[in-house]
Amino acid sequence: MTDIFTIAIDGPAAAGKGTISKAIAARFGFAHLDTGLLYRAVGARVLAGVDPVEAAQTLQAHDLERGDLRSAEVAQAASKVAVIGEVRAALVDFQRAFARRAGGAVLDGRDIGTVICPNAEVKLYVTASAEVRAKRRFLELTGKGEVTSLAVVLADVAARDERDMNRAEAPLKPAADAVVIDTSELSIEQALQLALTEVSALK
Ligand code: CDP
Ligand code: CDP
């Protein structure tokens with residue numbers, strides 16, 4: 001199969017975007033790009049002392065393989081560099097090229113359906129209440145041995161939501177033509193089933 005087919009999955013932290021994206025990619029044999037990892041990799045380089053714009057413009061494949069990218073500290077740094085227009089601009093070409101690769105692609109992030117791939121064949125906006133998302137992220141972080149509390153994780157998630165939704169460049173919001181899936185009361189399996197139904201209807 002050489003068709004170009006792009007699935008855009010956006011939404012706030014710990015809504016279930018990554019889990020749904022990976023499962024859809026596996027089901028249809030598409031490639032998957034977690035675009036948050038690009039911003040996390042830039043954030044991690046900034047924490048190491050590199051200028052944000054330079055960090056984005058010179059990002060290398062090996063920067064995406066650092067072990068610390070999933071930490072809460074790097075998540076905050078990522079959302080801070082993500083407000084900078086030149087940082088976002090430096091990452092556009094790579095994401096668009098990925099989206100158009102032969103055989104299909106799933107990209108998850110914040111601005112895929114609105115800015116990166118406004119013509120994506122399928123657009124989903126996956127969300128959930130901040131409390132539910134904070135609980136999920138708390139379980140993930142403590143499961144990996146990070147020492148934190150639910151209150152701290154909720155404050156982190158809320159701070160990132162606020163920054164991501166209110167920035168001038170590519171703010172987090174559902175595209176006008178996105179299907180919204182609220183996973184607050186759904187298991188992963190139920191959320192995935194809804195997403196697969198949407199994709200299958202358009203595929
Ligand atoms: O990619 P994103 O940050 O949106 O979320 P994720 O990494 O897919 O999911 C965050 C955590 O929530 C994972 O541990 C999922 O297993 C869990 N989750 C859940 O318990 N129920 C859902 N309906 C969706 C995700
Ligand atoms: O996994 P989680 O949903 O917690 O975060 P992520 O997807 O790894 O994204 C980390 C941060 O990068 C977000 O809080 C956004 O500020 C930024 N980001 C963005 O601005 N645009 C994207 N397409 C993806 C991530």
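User: How do the residues of the shell around ligand 1 divide into nonpolar, polar and charged?

Analyst: By class, Ala, Val, Leu, Ile, Met, Phe, Trp, Tyr, Cys and Pro count as nonpolar, Asp, Glu, Lys and Arg as charged, and the others, Gly among them, as polar. Here the shell holds six nonpolar, five polar and four charged residues. The model is predicted, with local features needing pLDDT of at least 70, side-chain atom pairs pLDDT 80 or more, and totals for chains, interfaces and linings using all residues. Residues are numbered from 1 along each chain as written, chains are lettered from A and ligands numbered from 1 in written order, and side-chain values use heavy atoms, without hydrogens or water.

User: Which residues come nearest to ligand 1?

Analyst: A residue is near a molecule if one of its heavy atoms lies within 4 Å of it. Of the 15 residues around ligand 1, the nearest are Ala14, Lys17, Gly18, Thr19 and Arg137.

User: Which atom of ligand 1 lies 3.1 Å from a backbone N or O atom of Leu186?

Analyst: A polar contact pairs N or O atoms within 3.5 Å; within protein, one must be able to donate a hydrogen and the other to accept it, and residues adjacent in sequence count only if both atoms are side-chain atoms. For Leu186, the partner is a nitrogen atom of ligand 1. A backbone N or O atom of Gly16 lies 3.0 Å from an oxygen atom of the ligand.

User: Is Ser21 buried or exposed?

Analyst: Buried means under 20% relative accessible area, exposed over 50%, partly exposed in between (1.4 Å probe, protein chains only). Ser21 counts as buried because its relative accessibility is 0%.
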